[in-house]
Amino acid sequence: MKFLMIHNDYGARSGEEIQFYHIRKLLEDNGHETKVFTRSSEEIPAMLFGKLRALGAGVYNPWSRSRVRALIDEFKPDAVLIKNLYPFISPAILPVIRRAGVPVVMFVANYRLMCPNGLHMNKGKVCEKCLGGREYNCVLNNCEGNLFKSTGYALRNAVARVAGWYRDNVDAYVCASHFLKRRLIEAGFDEKKIHLSPNVVPEVLVHPTGDATKPYVGYVGRISREKGVHTIIDA
């Protein structure tokens, strides 16, 4: 099969990027063909009015829509696989893919579809105030610690929700945990479209070398409070 893979890299390398390329390698190792379309948040500092342009692109990016349409016409994929679309690619590409008749599979790695900052956290505490179409709370609570950024995050989520870009144009959502799957269902996403699939892990990590008889605790992830690193340390 042929897969068009789309992802907006973060400013610093993240687990989503790692998974994105693990998935690509897994597909290619099994005889499938892939083509990648990416942008990167690292572009922002080098741009004139970079932050303002990133805000606008996150809400609606006509260039991304044209580019994705051209890639579909050229590559003729059997499916489009999507990770992150913010800030430069924009969920406004989703209706374009739908009209081209190509199925969309979205890998959901966080709470971005329900929460503007993707964490369901504010100032170190669990926060779900934006659920149910109340994205303005991201601005009122300044969840990003920067009013401009908080406003941009709230705006792009609100536009995508009202336009129905995710709900109406994604054929399958893939979650790595039961918890995230439940959260999507509770937020109103169609349970029949939500699938559970663990993260792709290279064989070398599944069967590491060394003394496996000794007890150990392993953690792979960003060193930040919402990941629960402090809980591991306390335990």
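How many aromatic pairs does the count come to? I worked on a predicted model, and by the rule I used the count comes to 4 aromatic pairs.

**Entry 1, aromatic pairs.** I looked up Phe37 and Trp63, which form a tilted aromatic pair with 6.0 Å from centre to centre and 50 degrees between the planes. I noted that this pair links distant parts of the chain, since Phe37 belongs to strand E2 (residues 33–40) and Trp63 to helix H3 (residues 62–75), 26 residues apart. For Phe37 I found a relative accessible area of 6%, so I entered Phe37 as buried, while Trp63, with a relative accessible area of 46%, is partly exposed.

I then turned to Tyr60 and Trp165, another tilted aromatic pair, at 6.4 Å centre to centre and with 40 degrees between the planes. Tyr60 lies in the loop between helix H2 (50–59) and H3, whereas Trp165 lies in helix H7 (residues 165–169), so this pair ties together parts that are 105 residues apart in sequence. I recorded Tyr60 as partly exposed because its relative accessible area is 39%, and Trp165 as buried because its value is 11%, which is under the 20% cut-off.

**Entry 2, charges over rings.** I checked Arg39 and found its charged end over the ring of Phe88, at 4.6 Å from the ring centre. Arg167 in turn lies over the face of Phe189, with 4.5 Å to the centre of that ring.

**Entry 3, the sheet.** I traced an open sheet of 6 strands, with parallel pairing and the order E2-E1-E3-E4-E7-E8. Why is one side of E2 and of strand E8 (194–196) left without a neighbour in the sheet? Both stand at the edges and each has a single partner strand, so one side of each stays without a neighbour there. From one strand to the next I noted a twist that averages 20 degrees.

At the E8 edge I followed the pairing further: strand E7 (residues 172–175) and E8 run parallel and are joined by 3 bridges, and I noted that Val174 has His195 in E8 as its bridge partner.

**Entry 4, helices on the sheet.** I looked up which strands helix H1 (residues 15–29) touches as it packs on the sheet, and I listed strand E1 (2–9), E2, strand E3 (79–82) and strand E4 (104–108). The direction of H1 makes about 165 degrees with that of E1. Helix H8 (residues 178–186) lies across E4, E7 and E8, and I noted that H8 runs at about 170 degrees to E8.

How values were computed
Residues are numbered from 1 along each chain as its sequence is written. This is a predicted model: local features need pLDDT of at least 70, side-chain atom pairs count only at pLDDT 80 or more; totals for chains, interfaces and linings use all residues. Side-chain values use heavy atoms; hydrogens and water are left out. Rings of Phe, Tyr and Trp (its six-membered ring) pair if their centres lie within 6.5 Å; planes under 30 degrees apart count as stacked, over 60 as edge-to-face and the rest as tilted. Buried means under 20% relative accessible area, exposed over 50%, partly exposed in between (1.4 Å probe, protein chains only). A charge sits over a ring if NZ of Lys or CZ of Arg is within 6 Å of the ring centre and within 35 degrees of the ring normal. Two strands pair if DSSP finds at least two bridges between them. Axes are lines fitted to C-alpha atoms, for helices over the stretch in contact, and angles run from 0 to 180 degrees between N-to-C directions. Contact means heavy atoms within 4.5 Å.
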